[in-house]
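User: Please take a close look at the nonpolar core of this protein and at what surrounds it. I would like one connected account, with the cut-offs behind each term.

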Amino acid sequence: MLQVPVRKGTGSAASTKAVILVGGPSRGTRFRPLSLDVPKPLFDVAGHPIIWHCLRAVAKVPGIREVILVGYYDEAVFRDFSRDAAKEFPHIRIQYLREYQALGTAGGLYHFRDAILKGKPDRFFVLNADVCCSFPLGEMLKLFEEKDAEAVILGTRVSNDAATNFGCIVSDGHTKRVLHYVEKPESHISNLINCGVYLFATECIFPSIRSAIKRRSDRPRIVSYPSSENLESSFFRDQDDDAEKNEVLRLEQDILSDLADSNRFFVHETKDFWRQIKTAGSAVPANALYLQKAFQSQSEELAAPSANILPPVFIHPTATVDPTAKLGPNVSIGPKAVIGAGARVKESIVLEEAEIKHDACVLYSIIGWNSRVGAWARVEGSPTPVGNHTTSIVKNGVKVQSITILGKECGVGDEVRVQNCVCLPYKELKRDVANEVIM
């Protein structure tokens with residue numbers, strides 16, 4: 001009879017940590033042109049960096065005293081954020097650990113396992129920083145303890161068409177046990193998808209990653225493919241050459257499907273909002289979701305509703321907004337931005353020191369740092385349906401971004417119309433443009 005080891009520390013005495021995976025510069029290509037100037041995790045959505053929303057959710061979990069950020073950005077990138085966050089969440093120690101190369105979501109955890117295991121935590125959360133959701137970490141922890149789980153994954157339902165773009169979970173509706181997991185399946189298996197938020201028992205996850213590494217090491221890889229003529233010249237890759245390759249592992253592709261065989265892997269299905277922030281345009285629907293959440297919780301940060309403020313709207317205290325400008329819903333105005341008389345801004349993000357001149361109209365757009373939108377100009381994207389997990393649309397047979405994005409220090413002339421365009425930094429638009437990438 002198989003003896004199951006008794007898990008030490010379940011219940012209130014158990015200690016918990018959190019790891020936030022922030023990625024690195026080479027992966028930020030889909031977030032261009034915004035990631036040319038700011039690393040994606042530090043891009044402001046609903047008045048705060050994307051990663052701040054993750055950190056705030058972690059800070060609410062009782063007993064978490066340490067958060068580790070893992071990625072391969074330069075250490076200096078998160079220095080200011082960590083310093084500011086330490087003041088805002090004084091009970092949490094925040095440290096950034098830099099990978100020597102992109103190691104993948106599981107490789108990074110394994111590489112820094114000593115730091116994660118320091119202080120002997122019984123379990124730890126893993127959050128992907130590019131996820132926008134309400135982070136129901138308390139509910140995940142409750143399920144974890146109830147089931148004496150090895151792992152809990154956050155899941156949500158999407159349309160059958162969209163599901164194959166994500167990791168799909170087949171679960172037992174009654175027990176919530178994960179029966180099967182497939183990353184981006186070729187055919188439909190389930191519309192319950194992986195949200196990129198996990199809770200792992202420390203004693204189980206690292207052995208799982210170790211055995212995945214071992215499986216790779218045990219399978220020698222032929223470097224040049226032999227045929228009967230050149231059998232002599234083909235060779236097997238040396239074990240040392242492979243050590244680095246073996247450390248590059250992804251939770252989604254390499255680990256989760258094995259965990260599903262363990263019978264102690266469960267899913268918490270969230271009915272609340274969820275979105276990935278992959279492309280630059282996806283920051284606009286994420287901004288709307290976070291603002292709506294803040295409005296429901298009656299956050300003091302939001303502007304008070306009025307005839308010209310259709311909630312929810314976030315206005316930075318240092319921004320200047322003319323009282324005749326009409327803003328909202330779902331608008332964020334960044335530091336030192338200037339909104340002129342009679343301007344109309346809806347479903348948009350206006351970044352630091354940008355200026356929207358009088359009577360201009362900005363809809364479904366992101367206005368970059370220090371950019372200018374001229375008087376009577378119109379900068380607009382197309383609305384994306386709430387349940388839609390893509391921000392591209394087809395116009396005249398061509399796939400274009402539904403959100404219009406002006407990079408840093410762009411200028412739109414007076415009375416110019418810009419529609420469904422992505423504009424790289426330092427460009428001047430003096431004529432009407434539509435459905436283009438302006439380089």
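Analyst: The largest nonpolar core, meaning a set of buried Ala, Val, Leu, Ile, Met, Phe, Trp, Tyr and Cys residues joined through side-chain atoms within 4.5 Å, has 79 residues, and the members that touch the most others are Ile-20, Phe-43, Phe-125, Phe-135 and Ile-366. Buried here stands for under 20% relative accessible area, with exposed over 50% and partly exposed in between, using a 1.4 Å probe and protein chains only. Helix 1 (residues 50-59) supplies the largest share of this core, eight residues; helices (H or I, at least four residues) and strands (E, at least two) are DSSP runs numbered from the N terminus. This is a predicted model, in which local features need pLDDT of at least 70 and side-chain atom pairs count only at pLDDT 80 or more, while totals for chains, interfaces and linings use all residues. Residues are numbered from 1 along each chain as its sequence is written, and side-chain values use heavy atoms, with hydrogens and water left out.

Phe-135, one of the core members named above, is in contact (heavy atoms within 4.5 Å) with His-53, Cys-54, Ala-57, Leu-127, Val-197 and Tyr-290, leaving aside its neighbours within four places in sequence. A second, separate core holds 33 residues, among them Val-126, Leu-251, Ile-255 and Ala-260.

For the setting of these cores, the protein has 439 residues, of which 51% are buried, and its secondary structure consists of 10 helices and 34 strands. Among the contacts with a separation of 6 or more, 57% are between residues 24 or more positions apart.

Aromatic rings add further detail. Rings of Phe, Tyr and Trp (its six-membered ring) pair if their centres lie within 6.5 Å, with planes under 30 degrees apart counted as stacked, over 60 as edge-to-face and the rest as tilted, and by this rule there are 10 aromatic pairs. Phe-78 and Tyr-96 form a tilted pair because their ring centres are 4.9 Å apart and their planes stand at 45°. This pair links distant parts of the chain, 18 residues apart, with Phe-78 in the loop between strand 4 (64-71) and helix 2 (79-88) and Tyr-96 in strand 5 (residues 93-98). Phe-78 and Tyr-96 are both buried. Elsewhere, ring pairs join Phe-124, Tyr-198, Phe-200 and Phe-206 into a cluster.
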